Amino acid sequence: MPRCANETETGLGLGWTPPEPFVIRFETARLVIRAYELGDAAQMFEAVSASREHLLPWMPWAREGHRDVEASVHYITTQIMAVRDAKTFSAVGIGIFDRASGRLLGGTGVHGVHRDTACAETGYWIRADATRRGYCTEATAGVLSWAFRGQSEGGLGMRRVVIYCSGENIASRRVPEKLGCAPR
Ligand SMILES: CC(C)(COP(=O)(O)OP(=O)(O)OC[C@H]1O[C@@H](n2cnc3c(N)ncnc32)[C@H](O)[C@@H]1OP(=O)(O)O)[C@@H](O)C(=O)NCCC(=O)NCCS
């Protein structure tokens, strides 16, 4: 069964294209993982501001990114626009929210999409005061399930998802280890 819309109709490798409509929202036991909305800007700014030192060694965007709410509005606008055009889509940042409270706990996403191989990367961050509770592992398990699920079942229909992290980033390294991902 084809995993993406035009897999059988193109001579260009797997010819992955985004699902249409491209709705990004799924849940895990404790989390809602969904596309950012403009109403998230204030808490995005707050979460990054409160976590800058924690993020900075590994996420260079945390140095200059989200320095005010307007910057978070701009970031979210960019993510909203990124999924609007199926022809140009190659990356989108996605929010990780507490299911019970709606609080923004961190971010994930898909990026570096290769349409010919139906391959993408994912990454993650969790706000400093919410770490070590299994949120990242839970969110990433959800992202991988969604990414590999066929598009007719609400997934992305990816064939491979890659997580890059520094070997020195022990917390980040543990996430794919705990999920049984094959190291390379
Ligand atoms: C990496 C990160 C997302 C992990 O988030 P998290 O929600 O705390 O992760 P989890 O709770 O799911 O824990 C995953 C594993 O990492 C371990 N871990 C988490 N923080 C740790 C730390 N500071 N030191 C050592 N191990 C740590 C956990 O104990 C768990 O392993 P265990 O079950 O064997 O004990 C978070 O630390 C973070 O945002 N870091 C800064 C940004 C970053 O490095 N992103 C990844 C870039 S590749």
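How many helices and strands make up the secondary structure of the protein chain? Start with the cartoon view of this predicted model: the chain has six helices and seven strands.

**The whole chain**

Follow the cartoon from the N terminus, and the elements come in the order β-β-α-α-α-α-β-β-β-β-α-β-α. The radius of gyration is 16 Å, close to the 16 Å given by the globule rule for 184 residues, so the chain is as compact as a globular protein of that length. Switch to the C-alpha trace and you will find that it spans about 50 × 35 × 30 Å along its principal axes. Of the 184 residues, 29% count as buried. If you like contact maps, here is one figure to go with yours: among contacts between residues at least 6 apart in sequence, 57% join residues at least 24 apart.

**Select the strands β3, β4, β5 and β6**

Show β3 (92-98) and β4 (104-114) together. These two strands run antiparallel and are joined by six bridges. Zoom in on G95, whose bridge partner in β4 is G107. Between the two strands of this hairpin lie five residues, and there G102 takes a positive phi near 80 degrees.

Keep G107 selected and add β6 (125-126). Here G107 stands opposite W125, in a pairing where β4 and β6 run antiparallel with two bridges between them.

Now bring in β5, residues 119-122, which is antiparallel to β4 and joined to it by three bridges. H114 stands opposite C119 of β5. This is a hairpin too, with four residues between β4 and β5, and A118 in the turn has a positive phi of about 50 degrees.

**Select the nonpolar core**

Next, go to M44, I96, Y135 and A139. In the largest nonpolar core, which has 34 residues, these four touch the most other members. Colour by element and you can see where the core draws its residues: β2 (31-35), α1 (41-49), α4 (69-82), β3, β4, β6 and α5 (135-148) each supply at least two.

Centre the view on A139. Leaving out residues up to four places away in sequence, A139 touches T28, L31, I33, I96, T108 and Y124. I96 appears here again, as another of the residues that touch the most other core members.

**Select the ligand**

Which residues are closest to the ligand? Display W58, T131, C136, T137 and A171 to see them, then extend the selection to the full set of 23 residues that surround the ligand. Four elements give two or more residues to this shell: α2 (52-55), β6, α5 and α6 (170-178). The most comes from α6, with six residues. Colouring the shell by class shows 12 nonpolar, seven polar and four charged residues.

**Last stop: I163**

Finish at strand β7 (residues 160-163), where I163 sits. Is I163 buried, exposed or partly exposed? It has 18 C-beta neighbours inside 10 Å, and therefore counts as partly exposed; a buried residue would need 20 or more. Setting aside residues up to four places away in sequence, I163 touches E121, T122, G123, P176 and C181. To close, draw a distance from I163 to V175: the two are 12 residues apart in sequence and 9.6 Å apart in space, C-alpha to C-alpha.

Key:
Residues numbered from 1 in each chain as written. Predicted model: local features only at pLDDT ≥ 70, side-chain atom pairs only at ≥ 80, totals over all residues. Core = buried A, V, L, I, M, F, W, Y, C linked by C-beta atoms within 7 Å. Buried ≥ 20, exposed ≤ 12 C-beta atoms within 10 Å, placed from the backbone. Contact = placed C-beta atoms within 7 Å. Near = placed C-beta within 6 Å. Nonpolar A, V, L, I, M, F, W, Y, C, P; charged D, E, K, R; others polar. Pairing = 2+ DSSP bridges. Rg over C-alpha atoms; globule rule 2.2 N^0.38 Å.
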